[in-house]
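Please open the model in your viewer, with the cartoon shown and side chains ready to be switched on. The stops below take you from one selection to the next, and each says what to look for once the selection is made.

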Amino acid sequence: YLHENENEDALSKLLKENFNSKFFTLKDWNIKLEDRNSKLISLQIEGSVKKMIRKVGQLSIIDINKIEIPKIEKPAKRFDPVHIKTPINKSVVNYFKVKNFNNVTESQVSLETKYGKYSYSVSKDGDVIKFEENFMLLSGDYDLNQYPDFFNFINDSRSKQKKAAIIIKNI
């Protein structure tokens, strides 16, 4: 809707609101519609972030813009079953061009259950560091007996996400 009406200010505001970093400056964005019958929409944005690297002892840590994983209530407070009509699939890929950093800790984490999937990876190619994160919540009906396992999947995904970081050993 925002793209069709070419309401650039509204879309720009929406994009800025959905980035976790308050230091993000949107430079450019582009929406690519595959074709009118496709359910796929690609959004490519370009921006800059200030104060991304923080020093902790002999390490440099790059703060990453992460996807939002939903918060849900604890099983003891849940009284109704869960109905997820439409699956939720979120992914983000961040590329960082960093000079003079050779000791990047590459990592890969994944979690898969009948409720969905969560994964992230950190990799390096030359002077480019790539952070990729994916979260998928599958559609389904989950009764109160299944809810603790459903809650654990969401909670475990959030715990793994908190540990996601780009760590660089300073030399």
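In which helix is aspartate 149 found? Select aspartate 149 and you will find it in helix H2, in what is, throughout this tour, a predicted model. With a relative accessibility of 45%, aspartate 149 counts as partly exposed. Now add lysine 114 to the selection: although the two positions lie 35 residues apart along the chain count, the C-alpha atoms of aspartate 149 and lysine 114 are separated by 9.5 Å.

**The helix H2**

Extend the selection to the whole of H2, which has 16 residues and reaches 23 Å from its first C-alpha to its last, close to the 22 Å expected at 1.5 Å a residue. Next, show the side chains of Tyr147, Phe150, Phe151, Phe153, Ile154, Ser157 and Gln161, which are the buried residues of this helix. If you turn the view to look down the axis of H2, these buried residues fall within an arc of 155 degrees, so they line one face of the helix. What do the buried residues of H2 pack against? Their partners are the strands S5, S7, S8, S9 and S10, the last of which covers 140-142.

**The four-stranded sheet**

Select S6, S9, S8 and S7, which in that order make up an open sheet of four strands with antiparallel pairing. S6 and S7 stand at the edges with a single partner strand each, so one side of each is left without a neighbour in the sheet. Averaged over the sheet and with direction ignored, neighbouring strands are turned by 10 degrees against each other. H2 packs on this sheet, where it touches S7, S8 and S9, and the direction of the helix makes about 170 degrees with that of S9.

Walk across the sheet one pair at a time, beginning with S6 and S9, which pair in the antiparallel sense over ten bridges. Here asparagine 94 stands opposite phenylalanine 131 in S9. Moving on to S8 and S9, you will find these antiparallel strands joined by ten bridges, with phenylalanine 131 in S9 as the bridge partner of valine 122. At the turn of this hairpin, where two residues lie between the strands, select glycine 126, which takes a positive phi near 65 degrees. The pair S7 and S8 also runs antiparallel and is joined by seven bridges; leucine 111 has its bridge partner, tyrosine 118, in S8. S7 and S8 form a hairpin as well, with two residues between them.

**Phenylalanine 131 and the core**

Keep phenylalanine 131 selected and show what surrounds it. Leaving aside residues up to four places away in sequence, phenylalanine 131 touches Ile64, Val92, Val93, Asn94, Phe96, Tyr120, Ser121, Val122, Ala164 and Ile166. Phe131 is also among the residues with the most contacts inside the largest nonpolar core, a group of 30 residues, together with Ile62, Phe96, Ile129, Phe135, Phe150 and Ile166. Elements that give two or more residues to this core include S5 (82-84), S6 (88-97), S9 (128-137), H2 (147-162) and S11 (166-169). Which element provides the largest share of this core? That is H2, with five residues.

Now look for asparagine 65, in the loop between S4 and S5. Is asparagine 65 buried or exposed? Its relative accessible area is 12%, and asparagine 65 is therefore buried, the limit being under 20%. The C-alpha atoms of asparagine 65 and phenylalanine 131, 66 residues apart along the chain, are separated by 9.4 Å.

**The three-stranded sheet**

For the last stop, select S3, S4 and S11, which form an open sheet in the order S3-S4-S11 with antiparallel pairing. The edge strands, each pairing on one side only, are S3 (53-56) and S11, and the twist averages 25 degrees from one strand to the next. Four bridges join S3 to S4 (residues 59-62), and the bridge partner of arginine 54 in S4 is isoleucine 61. S4 is likewise joined to S11 by four bridges, with lysine 169 in S11 as the bridge partner of leucine 59. Finish by showing the side chains of S11, where Ile166 and Ile168 belong to a covered face, while Ile167 and Lys169 belong to an uncovered one.

Definitions and conventions: Residues numbered from 1 in each chain as written. Predicted model: local features only at pLDDT ≥ 70, side-chain atom pairs only at ≥ 80, totals over all residues. Heavy atoms only, no water. Core = buried A, V, L, I, M, F, W, Y, C linked by side-chain atoms within 4.5 Å. Buried < 20%, exposed > 50% of the residue type's maximum accessible area, 1.4 Å probe, protein only. Contact = heavy atoms within 4.5 Å. Pairing = 2+ DSSP bridges. Axes fitted to C-alpha atoms, helices over the stretch in contact; angles between N-to-C directions. Expected span 1.5 Å × (residues − 1). Arc of directions from axis to C-beta.
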